[in-house]
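Here is a walk through one protein chain, from a single helix end to the overall fold. Keep the viewer open and follow along.

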Amino acid sequence: MPAWKSLSRVLASTLLLPLLGAAPPATPPATKPASAVKAAAGAPAARPSKQYSVEQFMGSTEVMAPVFTSDGKQLLFSSNASGIFNVHSVPVGGGKPTALTRSKTDSIRVVGTFPRDSRFLFERDQEGNEQSHVYVRTPDGKEKDLTPMKQGVAHFLGFSHDDSAFYITTNERDPGAMDVYRHDAKTYARTLLVQNDKGFGVAAVAPDESWVALEEAVTTSDRNVWRYDVATKTLKNLTPHTGSASYRVGDIHPVTGELYVITDDGSEFTRVVRPAKEAGKWEDVEKADWDIFGTHFSRSGAFRVSIINVDAGVEVRLHDVKAGTQVPLTQLPAGMISDVVFSRDEKQLAVQLETDRTSANLYVLDLATKKTRRVTDTMSRELDPENLVDAQVVRFKSFDGMEIPNLLFKPHQATAEHKAPAIVYVHGGPGGQTSRGYNNFVQYLVNRGYVVLGINNRGSAGYGKTFLKADDQKHGKDPLRDCVEARKYLASLPYVDGSRVGILGASYGGYMVLAALAFHPDAFDVGVDVFGPSNWLRTLKSMPPEWGAFRQAMFQEMGNPETQEAMLKEISPFFHADRIQKPLFVVQGANDPRVPQAESDDIVAAVKKNGVPVEYLLLPDEGHGFKKKKNEAEVDRRVLEFFDRYLKPATATAPTP
């Protein structure tokens, strides 16, 4: 996974989740969910641990977005083996991957393969600006932009059930609305299928193309699913409800056209439902003791796979729909499955699997023979997983008694006799989650002697709707106090030096860093903010127009800049920068469309006036995240040097490789 993890695609609309490359769905399913473990007062005895340089960590390759070719003989995926994401192919029986695209400036994400030939579709933007276009690549290596807009965003939505066409969404007509276009699979000629005047999110097209499922975000926790009738151009709300409840599209059955929805209406956790025989009612299809984040069908509907968030880990359930049974995935190695893709003939399953200590690889499972083959080899040969660490799920009670879940990473060398400095790591969002799986940067920090606590403060996803909504209109206050309490928890651990604790976060997590330094100036000894907003008035007003109706949902979550200016100023660190007295390091992408560069420019200038040590790294060729390995390595190195400078005694600080 990228150094600054993003979440699964079901949370992709959340305002400030970092986009890293064309980041994979983050940490979805696990074949063997990790059980929650209390942090033991007597930690395991330390053992020798080799320390690695950032270059050695960067030797690992990231892979994502696997998709089978039409004949099922090749697996296409995106990889940053060249230093930036490009499309590669590998035989399903194993072999050396072959690069199919060779971009040196823009990351490329494969999004689909043509059903009857070897063409494929990919998306690319311009150095992280998120103004993506959809391209087709033909067998002769030629690439064609199918969405040559001067301004606008385009995304691939899927192929038609009869294979004659595919769908692309763009906001070229109206910057605030993603319309749906039908493209002929042979000629690429297009026709408008949905004029999305409401600015709703586009979820799926029915197999007969008679209707399209749209999603309305009333708030970040209150959502509706709408049906757009293509013939009459009318909209119908399929999920009218009272109170706050979330309804999202899971999938549309590829043959029957039956809609499967994910909802928490009437329950604490999300579950899968479908229309009941009684009009306007829903019947349960699948439940869990945790949130079901997603569900989707194979091509004919023979299989359905669900993704369940299990206490910062995940679980995959593969259902044989006809038999009505669950298919065990015991043939796969234990670990986190972060993507699941069926072959067109439904005979093979491709999964992306990782552990806390090993980078993600792609595996192909033959569903008939149950044979599994790993088809990529991504881990740096210079890293020994035995020298890395597994995360522990730990909890502490916050200021008001609310239990806060976290992931704790303990260095091998940290003991009661040799106490280590610590870092509170805050995820993106709002509504994100720190989840299990391989995190290059966290492992780098831990390997260099830092205890890292990945906090899931109130408002984080994955712990039910009450916990998710607990931060609404309370940002900079209650969830921030959870982070302050996290320092107290760390100080209680026998192997942590409670006098040396920093805070680190990207995107919304970067805001939490700035807020901690401004509103609780004595809570942390140092802070690292990576593309975090400092002025919510500006950030909320400058949200990308293609987010459409979701902009209003964010106003409900954070505050409305037109009507709640005083409140937003109160929680914006920029207006209280004079209170920041601890060393600060800020990282910003110049092309960031979510958190404008001015957010970082202004806070850096303001804090410098306090005479506080401030470092600023501006990346001219990045946006809201890192798409180039060279930039990721530079940030990782600089952040470690910054922490070493202020959190490690001078006598213990050694030059960083």
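Ala-491 is found in helix α4. Its relative accessibility is 40%. That lies between the 20% and 50% cut-offs, so Ala-491 counts as partly exposed. Leaving out residues up to four places away in sequence, Ala-491 touches Val-496 and Gly-498. Now look at Ala-422. Ala-491 and Ala-422 are 69 residues apart in sequence. In space, their C-alpha atoms are 8.7 Å apart. All of this is read from a predicted model.

The loop between α3 (465-469) and α4 (478-491) holds Gln-473. Phi of Gln-473 is near 60°, a positive value in a residue other than glycine. Most residues other than glycine have a negative phi. At 32% relative accessibility, Gln-473 counts as partly exposed.

Ser-507 also deserves a look. Phi of Ser-507 is positive, about 65°, although Ser-507 is not a glycine. Ser-507 is found in the loop between β33 and α5 (508-519). Is Ser-507 buried or exposed? Ser-507 is buried, at 0% relative accessibility.

Next comes helix α2. How many of the eight residues of α2 are buried? Eight of the eight residues of α2, residues 440-447, are buried, so the helix is largely enclosed by the rest of the structure. The buried residues include Phe-441, Tyr-444 and Leu-445. Polar residues are on the list too, among them Asn-440, Gln-443 and Asn-447. What covers the buried residues of α2? The cover includes two helices, α1 (54-58) and α10 (629-647). Strands β30 (403-409), β31 (420-426), β32 (451-455) and β33 (496-506) also contribute to the cover.

Both ends of α2 have a local feature to inspect. At the start of α2, a side-chain oxygen of Asn-439 reaches to within 3.2 Å of the backbone nitrogen of Phe-441. After α2 comes Gly-449, with a positive phi near 105°.

Step back to the loop between β31 and α2, where Pro-430 is found. The peptide bond from Gly-429 to Pro-430 is cis. Its omega is near -5°. Most peptide bonds are trans.

Helix α10, part of the cover of α2, holds one end of a side-chain pair worth tracing. The other end is Glu-615, in strand β36 (residues 614-619). The side chains of Glu-615 and Arg-645 are joined by a polar contact of 2.5 Å. What else does Glu-615 touch? Not counting residues up to four places away in sequence, Glu-615 touches Leu-584, Phe-585 and Val-586, as well as Arg-638, Phe-642 and Arg-645.

Another loop to visit lies between β14 (211-217) and β15 (223-229), and Ser-221 is found there. The relative accessible area of Ser-221 is 7%. Buried means under 20%, so Ser-221 is buried. Which residues are in contact with Ser-221, leaving aside its neighbours within four places in sequence? One group is Ser-244, Ala-245 and Ser-246. The others are Leu-468, Lys-469 and Asp-472.

Gly-95 is found in the loop between β3 (86-91) and β4 (98-99). Gly-95 is partly exposed, with a relative accessible area of 46%. Leaving aside neighbours within four places in sequence, Gly-95 is in contact with Val-90 and Val-375. Gly-95 and Val-614 are 519 residues apart along the chain. Their C-alpha atoms are separated by 48 Å.

Now zoom out to the whole protein. The secondary structure comes to ten helices and 36 strands. The radius of gyration is 24 Å, close to the 26 Å that the globule rule gives for 657 residues, so the protein is as compact as a globular protein of that length. Along the principal axes, the C-alpha atoms fill a box of roughly 70 × 55 × 45 Å.

How is the chain packed? Buried residues make up 61% of the 657 residues. Among contacts with a separation of 6 or more, 56% come from residues 24 or more positions apart. The protein exposes about 24200 Å², and carbon and sulfur atoms supply 50% of that area. There are 77 positive and 80 negative charges, and their mean positions are 3 Å apart.

Technical notes
Residues are numbered from 1 along each chain as its sequence is written. Side-chain values use heavy atoms; hydrogens and water are left out. Buried means under 20% relative accessible area, exposed over 50%, partly exposed in between (1.4 Å probe, protein chains only). Helices (H or I, at least four residues) and strands (E, at least two) are DSSP runs, numbered from the N terminus. Contact means heavy atoms within 4.5 Å. A polar contact is a pair of N or O atoms within 3.5 Å; within protein, one must be able to donate a hydrogen and the other to accept it, and residues adjacent in sequence count only if both atoms are side-chain atoms. The radius of gyration is taken over C-alpha atoms; the globule rule is 2.2 Å times the number of residues to the power 0.38. Accessible areas come from the Shrake-Rupley method with a 1.4 Å probe; for residues, only the protein chains shown count as cover. Lys and Arg count as positive and Asp and Glu as negative; His and the chain ends are not counted. The place of a charge is taken as NZ of Lys, CZ of Arg, CG of Asp or CD of Glu.
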